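This briefing is meant for a reader coming to this structure without background. It goes through aromatic rings, the nonpolar core, charged pairs, backbone angles and the surface in turn.

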Amino acid sequence: MSEFARLLILLSLAGAALTFMGSVVIWYMDEERRIRRALRNVLGAKPEAVLIARGRGRGTGFSFATGLAAVAWDSGAWCLVYRIDELVGAELLVDGVVAARAFRGEARRALEQTGGGAEQVTLRLIFDDPKDPDFDLDLWLIGDETRRKATPVQAVQEANRWMARYEAIL
């Protein structure tokens, strides 16, 4: 009987160890952590602000310590790095219509309304780069109500906060 008890204890310990290792891998490979880690690596410092389009594997961040801004997609597997002064502008698109915009040398077109019936909320960053001039972050798409706890209004408000950040940078 002692052999059987020893076998059960060893199987229990092995199961607990595998569960723990699986939990660590899931935690480490979380989309948000991967994007934050990728942005920190390409910026060379911890970013002051990060915006992640959850469920889409895209994000952006900037670091004033290094003077760089970066965009990431494919859950952080691909990144582009820009100098902060290469940021030309940003637009907030709600259902394909520009609802707010901020461009270098222009007056900001502020967001006038945050209606709740939006089907798509996109933040578009525009850079002074002929090869990759813009980067879209879809913060809300139709069907997200089943995958997220957020609402389109919250996505518009978050995008508006980022518009204010980019206006301050510009």
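Phe62, Phe64, Trp162 and Tyr166 form one aromatic cluster in this predicted model. The structure holds six aromatic pairs, and Trp162 and Tyr166 make up one that is tilted, with 5.6 Å from centre to centre and 45° between the planes. A pair of aromatic rings is described in just these terms, by the distance of the centres and the angle of the planes.

**Aromatic rings and the charges over them**

- Trp162 and Tyr166 both belong to helix H3, which spans residues 152-169, and they are four residues apart there, about one turn of the helix.
- Trp162 counts as buried because its relative accessibility is 1%, below the 20% limit for that class.
- Tyr166, at 3% relative accessibility, counts as buried as well.
- The ring of Trp162 also has a charged neighbour, since the charged end of Arg165 sits over this ring at 4.7 Å from its centre.
- In another part of the chain, the charged end of Arg37 sits over the ring of Tyr28, and here the distance from the ring centre is 3.9 Å.

**The nonpolar core**

- The largest nonpolar core has 32 residues, and the residues with the most contacts inside it are Phe62, Leu92, Val121, Leu123, Leu125, Leu139 and Tyr166.
- Two or more residues of this core come from each of strand E1 (49-53), strand E3 (68-73), strand E5 (87-94), strand E6 (97-103), strand E7 (120-127), strand E8 (134-141) and helix H3.
- Helix H3 gives this core its largest share, which is seven residues.
- Tyr166 therefore appears in two settings, being a member of the aromatic cluster and, as a buried residue, one of those with the most contacts inside the largest core.

**Salt bridges**

- The count of salt bridges comes to 10, when a side-chain nitrogen of Lys or Arg has to be within 4 Å of a carboxyl oxygen of Asp or Glu.
- Asp30 forms a salt bridge with Arg33, with the closest N and O atoms 3.5 Å apart; Asp30 is partly exposed at a relative accessible area of 32%, and Arg33 counts as partly exposed at 34%.
- Glu32 and Arg54 form another salt bridge, in which the closest N and O atoms are 3.3 Å apart.
- Because Glu32 lies in helix H2 while Arg54 lies in the loop between E1 and strand E2 (58-63), this pair ties together parts that are 22 residues apart in sequence.
- Both partners of that bridge are partly exposed, Glu32 with a relative accessible area of 23% and Arg54 with one of 46%.
- Arg124 forms a salt bridge with Glu91, and the closest N and O atoms of the two are 3.4 Å apart.
- Arg124 is in strand E7 and Glu91 in strand E5, so their bridge ties together parts that are 33 residues apart in sequence.
- Glu91 counts as buried at 10% relative accessibility, whereas Arg124 is partly exposed with a relative accessible area of 22%.
- Glu91 and Arg124 also belong to a network, in which salt bridges that share partners join them with Arg101, Asp134 and Asp136.

**Backbone angles in a loop**

- Most residues other than glycine have a negative phi, and most peptide bonds are trans.
- Asp74, found in the loop between E3 and strand E4 (78-83), has a positive phi near 55° although it is not a glycine.
- Ser75 lies in the loop between E3 and E4, and its phi is likewise positive, near 55°, in a residue other than glycine.
- Asp74 is partly exposed, with a relative accessible area of 44%, whereas Ser75 is buried, with a relative accessible area of 17%.

**Surface and spacing**

- Phe4, Leu7, Leu8 and Leu11 form a nonpolar patch on the surface, and together they have about 390 Å² of accessible area.
- Leu7, one of the residues in this patch, lies in helix H1, which covers residues 2-28, and is partly exposed with a relative accessible area of 45%.
- Gly44 lies in the loop between helix H2 (31-43) and E1, and it counts as exposed at 61% relative accessibility.
- The C-alpha atoms of Gly44 and Leu137 are separated by 23 Å, and these two residues are 93 residues apart along the chain.

Methods: Residues are numbered from 1 along each chain as its sequence is written. This is a predicted model: local features need pLDDT of at least 70, side-chain atom pairs count only at pLDDT 80 or more; totals for chains, interfaces and linings use all residues. Side-chain values use heavy atoms; hydrogens and water are left out. Patches are made of residues with over 30% relative accessible area and no salt bridge: like charges are joined within 9 Å, nonpolar side chains (Val, Leu, Ile, Met, Phe, Trp, Tyr) within 5 Å. Accessible areas come from the Shrake-Rupley method with a 1.4 Å probe; for residues, only the protein chains shown count as cover. Buried means under 20% relative accessible area, exposed over 50%, partly exposed in between (1.4 Å probe, protein chains only). Rings of Phe, Tyr and Trp (its six-membered ring) pair if their centres lie within 6.5 Å; planes under 30 degrees apart count as stacked, over 60 as edge-to-face and the rest as tilted. A charge sits over a ring if NZ of Lys or CZ of Arg is within 6 Å of the ring centre and within 35 degrees of the ring normal. A nonpolar core is a set of buried Ala, Val, Leu, Ile, Met, Phe, Trp, Tyr and Cys residues joined through side-chain atoms within 4.5 Å.
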